[in-house]
Structure formats: structure tokens, C-alpha cells
Amino acid sequence: MARRKRDFYDVLGVDKGADEAEIKRAYRELARKFHPDLNPEGAEAFKQINEAYAVLSDGRERARYDRWGHDPDGTGSGGGFSSMVDAAQEVINDVLRRRKPKQRGRDLRYTLEVSFEEAAFGCTRTIVVPIDPTGANPATREFSVVVPPGTREGAVRMMKGEGEGGKGGAGPGDLHVIVRVKEHPTFKRDGHDIVSDLPLTFAQAALGAVIEVPTLDGPVKMRIPEGTQGGRTLRIRGRGVPRSAGKNPGRGDHLVRVSVLTPTNLSPRQRELLEELAHTLGEVSKHEPNKKGGLLDRVRSLLDG
């Protein structure tokens, strides 16, 4: 003999006059209590709860049930039952999804190395980022990263929402691209200015000269004033780093730090000429070439600034 089914209202613990909200609230509470994932011994009760809710949550099926009760073959109220059970299952799945804690995806970090010139004038670089940073999934994604003019060492470009995926319906993390600038063999940066060193011979510093100076834009001819002292800084305007993006952003300057080379290993003739110069300047006698305060000491003094 088939086992007689419990009254659906009793299964949900509601009165026959309960409205739709009361039935739904009772179903949610019982479903959370007896769901097999949360209560391994509640499978049978969970099945009955779904069956009862599938009928009582549908107006037409509820009316038929109130009139006829369970039909003789024990299948409930008829042809629409299967789809209603599916609907009920979807409701409980939604409840369980909401119970899961939301966790925002982790931020990802990528280090992008660019040249000194690329950082100064800006560039666009393509990077490859793993989809799964744990290594379980070897697939990767490509991104185009815009490095704007004047980018400094350690600057961070954030790509919102491109990090690790979230859990429980939470949003993804972000992708942080950290810019590293390669050192230049000649140039240093000071804000938007470029700084470089320029060694001069004693003659160039004393007499003046026109020297080619390397800059970000290539060699530039610069006039060295007569009598330039070691340690002096000369300025080439508008040859530094762009201050922003655009056609005419304005630029910093190129600063040239002068140093004067001390002559060494002088030939007899060179020494004679230097001593002659010292004699004309009244700094040393021809007969006292090594006298303290002579030309060579004077040269060294000039070179030291």
C-alpha cells in the first residue's frame, strides 16, 4: 500500500489561509534547514518541502489542491508539477547563492620596463597577463598599456576590473601595472629637466669652444664661454622632458654640468709652453717651474672651480 502523503500546508507549517508571502517565507526557512548540502539527513524532508511549495506557490494548482487534495496515484496535482519543482529548486539555489560570502577578486601586479626615452616621450606597450595567477590555468590575456609622456620611475597604471575574478557574485580585482625606467648611460632626470656631464679640456674651458652635446633629441651644438670654470652648469632650454601629453606640452631644460680635465703626462714642449704662459701671467719664474703657486697649481685651482 502506498504511503499517504502529508498535507502540503502541514509540510510548510502554514495555515490554509496563508498568503503568497507567508508561503514563500516558510519555504525559504525550511529549505535552508533541510537542504542536503547543509543537512545530509534532510534529503527526504527537502523533497517534500519542494513538492509542497511547487503546488502552493501556483495559484491555479493551489486551487485544484484545495478542492481535490492529493490525486489517487500520488503524483500531486498534475501535469505542471515537474516544471514547478524546477522553479522551486531555482528559488532554493538562489537562497544558497545569497548565503555564500562575497569576496572581491584579488588585485594583480605587473612590472613593465621601459627605456629612458620611452618614459620621457610616452609609448604604448602590449603586456601579457596570466588569467590564473596560481598557475592552474596557463591561458593569458593581452592588454595595451599607455605610458604617458613624462612618466616617472615607479608610476602605477591601474586597469580597473582586470584583476582576479570575485567569488559569490563579488566584483573582480584590478590590474596594477608598475612602470620601471631603465637607467640611461648618459642622462639623469631631475623633475622635467635632464642632467648630463660635459668634460672639457683646459684649453676649451679657458679659450671657449663650440661643443656637440647629446640630448634626448640628438646632438645639439652649444657654445662654451671663454673662461668657463669647473662645476659650472650650462642650460639648453626646451630639451628636457615633456610636461604633459599633447602637441605643445612644454618641456623642461637640459642641464650640462661642466668639469675640466687636468692635463697629465706633459711633453717637454707642453710644459715649456705652460711655463711660458705662467711667466707672462707673472705666476712663476722660468727658473722655478715647480714653485708653489705656479701655473700648474693655478691650473689645478681653476679646474677645481
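**Helices, sheets and nonpolar cores of the predicted chain**

Helix H8 is followed by Gly282, a residue whose phi is positive, near 70 degrees. This description rests on a predicted model, and the helix that precedes Gly282 offers a convenient place to begin. For the 13 residues of H8, which occupies residues 268-280, a span of 18 Å is expected at 1.5 Å a residue, and the end C-alpha atoms are indeed 18 Å apart, so the expected and modelled lengths agree. Within H8, the residues Leu274, Glu275 and Ala278 are buried. Because these residues cover an arc of only 100 degrees around the axis, they lie on the same side of H8.

Taken as a whole, the chain contains 9 helices and 11 strands. Of its 305 residues, 33% are buried. Among the contacts in the chain with a separation of 6 or more, 55% are made by residues that stand 24 or more positions apart.

The largest nonpolar core comprises 21 residues, and those with the most contacts inside it are Leu112, Val114, Ile127, Leu175, Val177 and Leu216. Two or more residues are given to this core by each of strand S1 (108-114), helix H6 (116-121), strand S2 (123-130), strand S3 (140-147) and strand S5 (175-181). The greatest contribution is that of S5, which gives 4 residues. Val177 touches Tyr110, Leu112, Ile127, Val145, Ala155, Val156, Arg157 and Met159, when residues up to four places away in sequence are not counted. Apart from this core lies another, of 18 residues, which includes Tyr27, Ile49, Tyr53 and Val55.

Strands S1 and S5 also take part in an open sheet of 3 strands, in which the order is S1-S5-S4 and the pairing is mixed. The edge strands of this sheet are S1 and strand S4 (156-159), each of which pairs on one side only. On average, and with direction ignored, neighbouring strands of the sheet are turned by 25 degrees against each other. S1 and S5 run parallel and are joined by 7 bridges; the bridge partner of Val114 in S5 is Val181.

A further set of strand pairings involves strand S11 (residues 254-260), of whose 7 residues 5 are buried, so that the strand is largely enclosed by the rest of the structure. Strand S7 (residues 193-200) runs parallel to S11 and is joined to it by 7 bridges, and the bridge partner of Leu198 in S11 is Val258. Strand S10 (residues 233-236), by contrast, runs antiparallel to S11, with 4 bridges between them; here Leu234 stands opposite Val256 in S11.

Attention may finally be turned to the helices H2 and H3. The 14 residues of H3 (residues 43-56) should span 20 Å at 1.5 Å a residue, and this agrees with the end C-alpha atoms, which are 20 Å apart. Buried residues of H3 are Phe46, Ile49, Asn50, Glu51, Ala52, Tyr53, Ala54, Val55 and Leu56. Leu30 has its place in helix H2 (residues 20-34). Once its neighbours within four places in sequence are left aside, Leu30 is in contact with Val11, Leu12 and Ile49. The C-alpha atoms of Leu30 and Asn50 are separated by 9.6 Å, although the two residues are 20 residues apart along the chain.

Key. Residues numbered from 1 in each chain as written. Predicted model: local features only at pLDDT ≥ 70, side-chain atom pairs only at ≥ 80, totals over all residues. Heavy atoms only, no water. Core = buried A, V, L, I, M, F, W, Y, C linked by side-chain atoms within 4.5 Å. Buried < 20%, exposed > 50% of the residue type's maximum accessible area, 1.4 Å probe, protein only. Contact = heavy atoms within 4.5 Å. Expected span 1.5 Å × (residues − 1). Arc of directions from axis to C-beta. Pairing = 2+ DSSP bridges. Axes fitted to C-alpha atoms, helices over the stretch in contact; angles between N-to-C directions.
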